[in-house]
Amino acid sequence: MSSCSIVRCGRPLLAHEHRRRVCDRCANRVRGWLRELDLQRILLRVMLVPGSSGPATGSVHGGRAHSPMPARGDVLNFLGPGASSTLADPYGDARGDQDAGATIDATLHAWARATAEHIHPPDRPWLRPGRTWSAWLTAYLPWALSAPWIGDLHDELDDLVQQARGLTRTEPRRRPKDAPCPSCQAFGLVEEDWQPYIECTVCEALLTPDEYARHAQDVMPRLYRTALLIAARTEKQRRKEQAEST
Ligand SMILES: [Zn+2]
Ligand SMILES: [Zn+2]
């Protein structure tokens, strides 16, 4: 039986996961990271607006032409204004010009190239105006998930997301859900920012928000009724004991 290619996962693949090399949970994480990177990119761009990040170095009265740009160099480096000309190549050693660390777009573009070559060599990916490489990779994710390098893509996205969170000081929040898991019945369902699925922390089942809403609608009234019955019975018992003791 083959197992998930993500090193720190390695769980056996289910029948429907065999066409690709990763389990549902890891595929879901990759999809969530790509979505998060688009949101992080917006936050990072906001941080480059003069005066929005840390102490401004320019003077209000100094005039634009002469005041130094109060942009954060680390954010600028990570966003990579010259990204399209400094391609990283996940296949090889073409990273000589990437000494300052990979930028979001250079890394994502390189993986888009690798994906296009995996689907139909020697195709090159192209981007519609206004779209991002994260959106491109999300659209072609079913192919990327079946590529032999999916573990490397997973790790690089993990790295990009951690770097972005470090710069924007954002950590996704986890919120426990009220209804028990439909698979294992444990109260382990959690919803996490930017993740497309609600996940069970006990059995790792995944639910879309719609599936959860339907499930909660189905089980919660029964749970409330049971809770009310238990409360009523406890109260009855308490009164009986009280009556007996007086
Ligand atoms: Zn996995
Ligand atoms: Zn579960």
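In which sense do strand E2 and strand E3 pair, and over how many bridges? In this predicted model, E2 (residues 189-192) and E3 (residues 198-200) pair in the antiparallel sense over 3 bridges. Leucine 189 stands opposite cysteine 200 in E3, and glutamate 191 has isoleucine 198 of E3 as its bridge partner. Glutamate 191 of E2 is also the bridge partner of arginine 175. That second pairing belongs to E1 and E2, which run antiparallel and are joined by 3 bridges.

The two pairings are part of an open sheet of 4 strands, ordered E1-E2-E3-E4, with antiparallel pairing. Its edges are formed by E1 (174-176) and E4 (206-207), each of which pairs on one side only.

The protein as a whole contains 7 helices and 4 strands. Read from the N terminus, the order of elements is α-α-α-α-α-α-β-β-β-β-α. Of the 246 residues in the protein, 23% are buried. Among contacts between residues at least 6 apart in sequence, 48% join residues at least 24 apart.

Helix H1 has 24 residues and covers positions 24-47. The distance from its first C-alpha to its last is 34 Å, close to the 34 Å expected at 1.5 Å a residue. Its buried residues are Cys26, Ala27, Arg29, Val30, Trp33, Leu34, Glu36, Leu37, Gln40 and Leu44. An α-helix has 3.6 residues a turn, so residues three or four places apart point the same way. The cover over the buried residues of H1 includes H2, H3, H4, H5 and H6.

One of these covering helices, H6 (residues 150-168), packs against H1 at an angle of about 35 degrees, and the two axes are 9 Å apart. The crossing of H1 past H6 is left-handed. On the H1 side, the contact involves Cys26, Val30, Trp33, Leu34, Glu36, Leu37, Gln40, Leu43, Leu44 and Met47. These meet His154, Leu157, Asp158, Leu160, Val161, Ala164, Leu167 and Thr168 of H6. By class, 13 of the residues in this contact are nonpolar, 3 are polar and 2 are charged. Several of the contacting residues of H1 are also buried, among them Val30, Trp33, Leu37 and Leu44.

Helix H3 (residues 104-119) has 16 residues and reaches 23 Å from its first C-alpha to its last, close to the 22 Å expected at 1.5 Å a residue. H3 is mostly covered, with 12 of its 16 residues buried. The buried residues run from Ile104 through Asp105, Ala106, Thr107, Leu108, His109, Ala110, Trp111, Ala112, Arg113 and Ala114 to Thr115. Charged residues are included here, namely Asp105 and Arg113. The cover over the buried part of H3 includes H1, H2 (73-79), H4 (133-139), H5 (141-144) and H6. H1 is thus listed among the elements covering H3, and H3 among those covering H1.

The loops around the sheet contain several residues with particular local features. Arginine 169 lies in the loop between H6 and E1. Its phi is positive, at about 55 degrees, although the residue is not a glycine. Arginine 169 is exposed because 8 other C-beta atoms lie within 10 Å, where 12 or fewer is the limit for that class.

Glutamine 185 is placed in the loop between E1 and E2. This residue, other than glycine, likewise has a positive phi, near 70 degrees. Glutamine 185 counts as exposed because it has 12 C-beta neighbours inside 10 Å.

The connection from E2 to E3 is a hairpin with 5 residues between the strands. In the turn, tryptophan 194 has a positive phi of about 70 degrees. Aspartate 193 lies in the loop between the same two strands, E2 and E3. With 13 C-beta neighbours inside 10 Å, aspartate 193 is classed as partly exposed. Leaving aside residues up to four places away in sequence, aspartate 193 touches Pro172 and Arg173. The C-alpha atom of aspartate 193 is separated by 9.1 Å from that of glycine 32, although the two residues are 161 apart along the chain.

Terms used: Residues numbered from 1 in each chain as written. Chains lettered and ligands numbered in written order. Predicted model: local features only at pLDDT ≥ 70, side-chain atom pairs only at ≥ 80, totals over all residues. Axes fitted to C-alpha atoms, helices over the stretch in contact; angles between N-to-C directions. Left-handed = near helix turned anticlockwise from the far one by under 90°. Contact = placed C-beta atoms within 7 Å. Expected span 1.5 Å × (residues − 1). Buried ≥ 20, exposed ≤ 12 C-beta atoms within 10 Å, placed from the backbone. Pairing = 2+ DSSP bridges.
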